[in-house]
Amino acid sequence: MPSLRKPKDTVPTKMPASSKPTPKNKKPGRPEGAGNYKEQILDAAEQVFAVHGYAGTSLREIAGTAHVTQALITYYFKSKLQLFEQVFLRRSHTIAQEREDGLRDLRKLDKHRDVKRIVQAFLKPAIAQRSTPGGRAFLQLQARLNLEPPEVSNRLRDLAYTESTRRYVQALQGALPKLSTQDAYWRMIAMIGAYLYTVSDTNRIQDYAPGICDPEDPDEILDQLTRFIVAGFKAA
């Protein structure tokens, strides 16, 4: 009877670890696994920066919140400054783009001379961020940007909002032909200050008017801000 045992030379041998092929496109030090570590770090950093600001936050604290190593953070972002910039630009670019889209939609509908609609197109993208914990953290982070070093805050504001804000000033001047450029920019700054304070969860409306005002109602926020700001732009 023939033997059922395989010949010795057909038994597979284990390849030495050193001889295993390495993918050519694998970067040195790149973390393994399918988890989206970059977004995980951005989300954690957003929460920590919102509470402590740029100067008061350490990479160690972010690493602990994200449940990753500091080495992994520096692999993706190189430095705390680059991480802060990406955290800020991630949502601010979304807001700016939605504002641009809002103006474009008003032109298509021939509503681009309606001051109320222009103001609401500017406000809605920011108010919508309050619907998620991450969005709320971003709004807090943005509200405290004035406390950050100018070399950090000024560059980020310029990258995120300068172009879209100028387009809104032009749109408001088109809707209000008697509004001077000087007044238009001053009133735009007043609008930005009003909405930032209102949506950042730092206001005290619940302390001043408990049971009367609801800062959790986005429609109430939009309505109150719109009426206040439109009146300001239309003032003599």
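This passage walks through the helices, the nonpolar core and the salt bridges of a single protein chain.

The structure is a predicted model, so local features are reported just where pLDDT is at least 70, side-chain atom pairs count only at pLDDT 80 or more, and totals for chains, interfaces and linings use all residues. Residues are numbered from 1 along each chain as its sequence is written, and side-chain values use heavy atoms, with hydrogens and water left out.

To start with the overall layout, the protein chain has ten helices and zero strands. Helices (H or I, at least four residues) and strands (E, at least two) are DSSP runs here, numbered from the N terminus. Of the chain's 236 residues, 38% count as buried; buried means under 20% relative accessible area, exposed means over 50%, and partly exposed is in between (1.4 Å probe, protein chains only). The accessible surface adds up to about 14800 Å², and carbon and sulfur atoms own 54% of that; these areas come from the Shrake-Rupley method with a 1.4 Å probe, and for residues only the protein chains shown count as cover. Contacts (heavy atoms within 4.5 Å) often link far-off parts of the sequence: among those between residues at least 6 apart, 72% join residues at least 24 apart.

Next comes the inside. A nonpolar core is a set of buried Ala, Val, Leu, Ile, Met, Phe, Trp, Tyr and Cys residues joined through side-chain atoms within 4.5 Å. The largest one holds 62 residues, and Phe49, Ile73, Leu83, Phe88, Val119 and Leu123 touch the most other members. Leaving aside residues up to four places away in sequence, Leu83 touches Ile41, Leu42, Ala45, Phe49, Leu59, Ile62, Ile73 and Phe77.

Two helices are worth a look on their own. Helix 4 has 29 residues, which at 1.5 Å a residue should span 42 Å, and its end C-alpha atoms are indeed 42 Å apart; the expected span is 1.5 Å times one less than the number of residues. Helix 4 also has a kink of about 30° centred on Leu89, where the bend is the angle between axes fitted to the seven residues ending there and the seven starting there. Right after helix 4 sits Asp110, with a positive phi near 60°. Helix 8 (residues 181–199) passes the length check too, with 27 Å expected for its 19 residues and 27 Å between its end C-alpha atoms. Its buried residues include Ala184, Met188, Tyr195 and Val199, and among the parts covering the buried residues are helix 4, helix 7 and helix 10. Asp201, which follows helix 8, has a positive phi near 65°.

Then there are the charges. Side chains of opposite charge can pair when their charged atoms come close. With a salt bridge taken as a side-chain nitrogen of Lys or Arg within 4 Å of a carboxyl oxygen of Asp or Glu, the count comes to 13. In one of them, Asp43 pairs with Arg90, their closest N and O atoms being 3.0 Å apart. Asp43 lies in helix 1 and Arg90 in helix 4, so this pair ties together parts 47 residues apart in sequence. Both ends are partly exposed, Asp43 at 35% and Arg90 at 22%. Glu100 and Arg167 form another salt bridge, at 2.5 Å from N to O. Here Glu100 is in helix 4 and Arg167 in helix 7, so the link joins parts 67 residues apart in sequence. Glu100 is buried at 16%, whereas Arg167 is partly exposed at 34%.
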